[in-house]
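Colleague: Please take me through one part of this model closely, starting with its aromatic rings, and then set it beside a helix and a polar side chain elsewhere.

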Amino acid sequence: MCRWLLSVRKNYRNVTYHNWKHAFSVSQTMFAILKTGQLCNVISDLECMALLVACFCHDLDHRGTNNKYQIMTESSLAQLYSTSVMEHHHFDQCIMILNSKGCEIFNNLSPEDYSQVTRLVEHAILSTDLAVYFKSRGDFFNLVKSKDCDWCDEENREILRGMLMTACDVSAISKPWEVQKEVAELVSGEFFEQGDLERKLNVEPEDMMNREKHHLLPKMQVSFIDAICLPIYKALTIGFEKLYPLKKGTEENRENWLKEGRKVGISGLKEKGVTDEKDVDESEATSSSKH
């Protein structure tokens, strides 16, 4: 296990945000959800193991640029994968490590369990593509609102596992304010680096990638919270009340970002957050994406 974990760490690049530290933070959030949030009572031990492995590996070999950039530059990865470009690459890197000598942490599983856990890890990592999240979250919102939701149903559990991956991937938004502010600067820093690369290709970067728009960070963070983070945390809290701290921390940071925006005189701030997933503009959400 130690050799596997060290190999995973070694295969993260030294990029500004999507690095080993991010992977470890995402994994810690998943552990807290499973233990403190008691989701381990809802999903099986095999699923728990798969989710934790997926969290550690979900951004392996990230290059500091997103799927859109890979497609725009017609990179080798974009030519290899037609959808979820980086996520497929992260999964392939995960399997490569799992098949390496001394890192075969699944080898003691039965053939059936081995096949199942591999499928679970693949689904979990691909679920971190926000395009996949948007396709599935409506079904999840309906599930948690229904009083007779059956979490023993495999289709429902698959949706739940995907939502948990997204919840963990963006969970820095729920951390204490000083941590959240520092992480937001790291994320924007990586985005600006991509924007600089786009300019070299004579492409005008969108606001979130444009370092000349750094002063708009508070507004972009509020939009990100409203479009992606609060909807999933509100839904999870409905279904699993012990996950309330994720929602509470995000709401507090939304107010903190509003305060930051007022300080620098940003206009057009949304004082009131979305109250229903139907209020979310998906195009805005996608542009505010963290991947």
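**Rings, a helix and a glutamine**

Modeller: Happily: Y133 and F134 are both buried, meaning under 20% relative accessible area, where over 50% is exposed and in between is partly exposed (1.4 Å probe, protein chains only). This is a predicted model, in which local features need pLDDT of at least 70 and side-chain atom pairs 80 or more, while totals for chains, interfaces and linings use all residues. Numbering runs from 1 along each chain as its sequence is written, and side-chain values use heavy atoms, without hydrogens or water.

Across the whole structure, a search gives 10 aromatic pairs. In one of them, the ring centres of Y133 and F134 are 5.2 Å apart with planes at 50°, so the pair is tilted. Rings of Phe, Tyr and Trp (its six-membered ring) pair with centres within 6.5 Å; planes under 30 degrees apart are stacked, over 60 edge-to-face, the rest tilted. Elsewhere, W4, Y12, W20, F24 and F56 are joined by ring pairs into a cluster.

Now for helix α6, residues 85-98, a DSSP run of H or I with at least four residues, numbered from the N terminus. Of its 14 residues, 10 are buried, so the rest of the structure largely encloses α6. Among those buried are H89, H90 and F91, and the cover includes α1, α3 and α7.

Finally, Q180 belongs to helix α10 (residues 177-200) and is buried, at 2% relative accessible area. Its side chain reaches the backbone oxygen of A172 at 2.9 Å. Beyond four places in sequence, Q180 touches residues including Q221, N253 and W257, with heavy atoms within 4.5 Å counting as contact.

Terms used. Helices (H or I, at least four residues) and strands (E, at least two) are DSSP runs, numbered from the N terminus. The expected span of a helix is 1.5 Å times one less than its number of residues. A polar contact is a pair of N or O atoms within 3.5 Å; within protein, one must be able to donate a hydrogen and the other to accept it, and residues adjacent in sequence count only if both atoms are side-chain atoms.
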